[in-house]
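Here's a friendly walk through one model, taken as a string of questions and answers. Have a look at the sequence and the fold, then read on.

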Amino acid sequence: MGRRTAARLIATAMTVGLLTACGSDGYRPAGPFRPVPEGAPPEVGPPSSSAPMPRDPAQPGAGEDGGDPNVVASGLAVPTGLVLLPDGSAVVGERDTGRLVQVFADRSPARELMTVPGIDPSGDGGLLGLAVSPTFLEDGLFYAYVSTATDNRVVRFPLGGTPNPVLTGIPRGERHNGGGLVFAPDGTLFVGTGDVGDPALARDPNSLAGKVLHIDVFGRAVGGTPVHTVGHRDVTALCQSVQSGGTGAPGEESAPATTLYATDDAAQGPDAVDLVTAGADYSVVPPLVEIPAEEGGPGGCAAAGGAIFVGTLDGQRVHAFALDGTGAVVGEPEEFLVGQYGRLRTVVPDPEGALWITTSNRDGIGTPVEADDRVLRILPPSAAGTSPL
């Protein structure tokens, strides 16, 4: 799909979202968020000229980094959330600034879309998880897990519009601040949170900390309570694998089975990937996978092509774990990009079998190079990860 076609798709979806935001279906500013000035939405398409944009250190740069074909965008600041759009481009959210930036697989110059207001980046806070509405082409909505001065919350908004609350009151802290989002196939939303340094909150069914939550797009609990699982330490990312459905009634095929995974960053000891089962307590349930602390610091996960891929910050690598037909891990794990791009965070698969990966070298812990932070797009060198979704 051409760049101009991509721009038209984004603009159409954005216009739909902006019209929706002006309606009476719940899009009202709340909490610390304030309305953004009304007017024309921000330009989001590629430049009309084929000439490259001037390189401004304060702006996202063109993708190719010194001829490195893996780099699709550079010059970002701690890109944390990443979602793919129907046109094949991606939108990344910067943790500390709240900027949303559109990046392209063909390494066209990145485009700043908007800045999400009301973000408090202190500690481990900021713009964290990011998801697009399952009906994005109709409603143009983004969902984000964000930190404010008083809480963590899930919000939704169209490009250029005001974020409005979906779920508020999630405890926030200087550490173990959580922030995973993923839509289930049925259009409901799973939300991963951290225990904010208090394991007792993670076990408390009345607290939203240290949990995987299950809500609908209006923030209403699924199954009578928003608490899906308890006992997590710091759920930094959620991902799903989909297995082919079996045979139901004669002539009917059952729905595909979906398995949900959560990366869990420990304060001490090994980090984990949890196989998320409704009602389970992960302070006692053993993890599906343990990752040694020196190789860990999980920041993102993707389930694709018969494997789980986990991006790690401290480990500066991507771990790949092969899955069997039930979603269980089999065989020996693999790893790649070890030390090649520094701290790695978000991992998102695309329909062509590639992985989009963000670096996190400007987070105050890493050692950035001039091109950081970057967005990568690679075909994983594992046979388990190269088949299209």
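Q: Which residue does Asp 96 meet in a salt bridge?
A: A salt bridge here is a side-chain nitrogen of Lys or Arg within 4 Å of a carboxyl oxygen of Asp or Glu. The side chain of Asp 96 has such a contact at 2.9 Å, N to O, and the partner is Arg 95.

Q: What should I know about the model and its numbering?
A: This is a predicted model, where local features need pLDDT of at least 70, side-chain atom pairs count only at pLDDT 80 or more, and totals for chains, interfaces and linings use all residues. Side-chain values use heavy atoms, leaving out hydrogens and water, and residues are numbered along each chain as its sequence is written, starting from 1.

Q: Is Arg 95 buried or exposed?
A: Buried means under 20% relative accessible area, exposed means over 50%, and partly exposed is in between (1.4 Å probe, protein chains only). Asp 96 has 32%, so Asp 96 is partly exposed. Arg 95 has a relative accessible area of 9%, so the answer for Arg 95 is buried.

Q: Which residue forms a salt bridge with Glu 94?
A: The structure holds 14 salt bridges. In the one made by Glu 94, the closest N and O atoms are 2.7 Å apart. Both partners are buried, and the one that pairs with Glu 94 is Arg 99.

Q: How many residues apart in sequence are the parts tied together by Asp 363 and Arg 343?
A: The side chains of Asp 363 and Arg 343 meet in a salt bridge of 2.9 Å, N to O. Asp 363 lies in the loop between strand E23 (355-359) and strand E24 (375-378), while Arg 343 lies in the loop between E21 and strand E22 (344-349), so the parts tied together are 20 residues apart. Strands are DSSP runs (E, at least two residues), numbered from the N terminus.

Q: What is the relative accessibility of Arg 343?
A: Asp 314, Arg 343, Arg 345 and Asp 363 are linked in a network of salt bridges. Within that network, Asp 363 is buried, with a relative accessible area of 13%. Arg 343 counts as buried too, because its value is 6%.

Q: Which residues does the disulfide join?
A: A disulfide is a pair of cysteine sulfur atoms within 2.5 Å, and a search of the whole structure finds one. With an S to S distance of 2.4 Å, it joins Cys 239 to Cys 301.

Q: How many residues apart in sequence are the parts that Cys 239 and Cys 301 tie together?
A: Both cysteines, Cys 239 and Cys 301, are buried. The torsion about their S-S bond is about -120°, so the disulfide is left-handed. Cys 239 sits in strand E14 (residues 235-243) and Cys 301 in strand E18 (residues 298-304), so the linked parts are 62 residues apart.

Q: What is the angle between the planes of Phe 136 and Phe 142?
A: Rings of Phe, Tyr and Trp (its six-membered ring) pair if their centres lie within 6.5 Å; planes under 30 degrees apart count as stacked, over 60 as edge-to-face and the rest as tilted. A search of the whole structure finds four aromatic pairs. Phe 136 and Phe 142 form one that is edge-to-face, 5.4 Å centre to centre, with an angle of 80°.

Q: Which residues do ring pairs link into a cluster?
A: Phe 136 and Phe 142 are both buried. Phe 142 also stands opposite Phe 157 in E8. The cluster linked by ring pairs is Phe 136, Phe 142 and Phe 157.

Q: How many bridges pair strand E7 and strand E8?
A: Two strands pair if DSSP finds at least two bridges between them. An open sheet of four strands has the order E6-E7-E8-E9, with antiparallel pairing. Its edge strands, each pairing on one side only, are E6 (127-132) and E9 (164-170). Strand E7 (residues 141-147) and strand E8 (residues 152-158) pair over a total of seven bridges.

Q: Which residue stands opposite Gly 192?
A: Another open sheet of four strands runs E10-E11-E12-E13, with antiparallel pairing. In this sheet, strand E11 (residues 189-192) and strand E12 (residues 212-215) pair over four bridges. Opposite Gly 192, in E12, stands Val 212.
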